[in-house]
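Me: Please take one part of this model and go through it closely. I would like a connected account in which each term comes with its cut-offs.

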Amino acid sequence: ARLAGTAPALSPAPSFGAYCTGAIKKEANEGGGPAESYWLNEFSSPVQPLNLPADFEKSGEPDFRCDTLADLLSPSELRELRKVAGKSGATLFGLLMSAYQILLHRIGRQQRFVVGFPSAGQSGNGQENLVGHCVNFLPFVAEIDEETPFSDFLKRTQSRLLDSLDH
């Protein structure tokens with residue numbers, strides 16, 4: 001719009017305060033409802049913290065140093081991954097989440113653990129124009145059966161991801 005010399009054709013952004021008040025009222029009125037039942041069922045049996053091995057001894061004092069390792073996928077790699085996901089009826093996120101869970105399983109040797117992922121809180125409820133930080137971290141219970149082929153694991157993960165986003 002600026003390049004064309006015109007005013008942007010945007011509707012006014014909803015009030016973030018009104019969104020928060022509405023979300024609190026909705027939660028209070030529903031009393032948990034189906035969403036609460038879903039999450040209580042997901043965690044009906046205890047999930048142990050992921051126990052990843054360390055290449056050094058733990059000291060008595062916590063050490064909060066960390067680092068990030070990033071590697072970008074090429075456009076052709078990304079295209080191929082999307083094709084693989086699509087052929088399995090999954091999204092790219094579902095494919096990557098499945099692979100990440102398998103990696104954590106192989107490193108930690110646990111069949112059941114939790115992986116958290118961010119989800120936009122305003123999407124899906126008519127608040128797409130809301131300006132605000134409405135990110136929820138959803139806990140996703142990874143359940144690995146080593147006998148299950150990856151293609152079946154991917155389909156199950158995709159289905160469970162969609163269920164968790166619905167709740």
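Reply: A helix contact and its surroundings

Three residues of H2, namely Tyr 38, Trp 39 and Glu 42, meet Arg 160, Asp 163 and Ser 164 of H5, where contact means heavy atoms within 4.5 Å. By type, the residues of this contact of H2 with H5 divide into two nonpolar, one polar and three charged; here Ala, Val, Leu, Ile, Met, Phe, Trp, Tyr, Cys and Pro count as nonpolar, Asp, Glu, Lys and Arg as charged, and the others, Gly among them, as polar. The model is a predicted one, in which local features need pLDDT of at least 70 and side-chain atom pairs count only at pLDDT 80 or more, while totals for chains, interfaces and linings use all residues. Residues are numbered from 1 along each chain as its sequence is written, and side-chain values use heavy atoms, with hydrogens and water left out.

The axes of H2 and H5 come within 9 Å and cross at roughly 135 degrees, each axis being a line fitted to C-alpha atoms over the stretch in contact, with angles from 0 to 180 degrees between N-to-C directions. H2 and H5 are therefore oblique to each other, since angles under 35 degrees count as roughly parallel, over 145 as roughly antiparallel, 65 to 115 as roughly perpendicular and the rest as oblique.

On the H5 side, Arg 160 is buried, because its relative accessible area is 7% (buried is under 20%, exposed over 50%, partly exposed in between, with a 1.4 Å probe and protein chains only). Beyond its neighbours within four places in sequence, Arg 160 is in contact with Tyr 38 and Glu 42, and also with Phe 140, Val 141 and Glu 143.

Thr 157, which likewise lies in H5, is buried at a relative accessible area of 1%. Residues up to four places away in sequence aside, Thr 157 touches Phe 140, Gly 94, Met 97, Ser 98 and Gln 101. Met 97 in turn touches Val 115, Phe 117 and Leu 161 as well as Thr 157, with the same exclusion of residues up to four places away.

Met 97 leads into the largest nonpolar core, which has 14 residues and in which Met 97, Phe 113, Val 115, Phe 117, Ile 144 and Leu 161 have the most contacts; such a core is a set of buried Ala, Val, Leu, Ile, Met, Phe, Trp, Tyr and Cys residues joined through side-chain atoms within 4.5 Å. Two or more of its residues come from each of helices H2 (33–42), H4 (92–108) and H5 (150–166) and strands S1 (112–120) and S2 (135–143), the elements being DSSP runs numbered from the N terminus (helices H or I, at least four residues; strands E, at least two).
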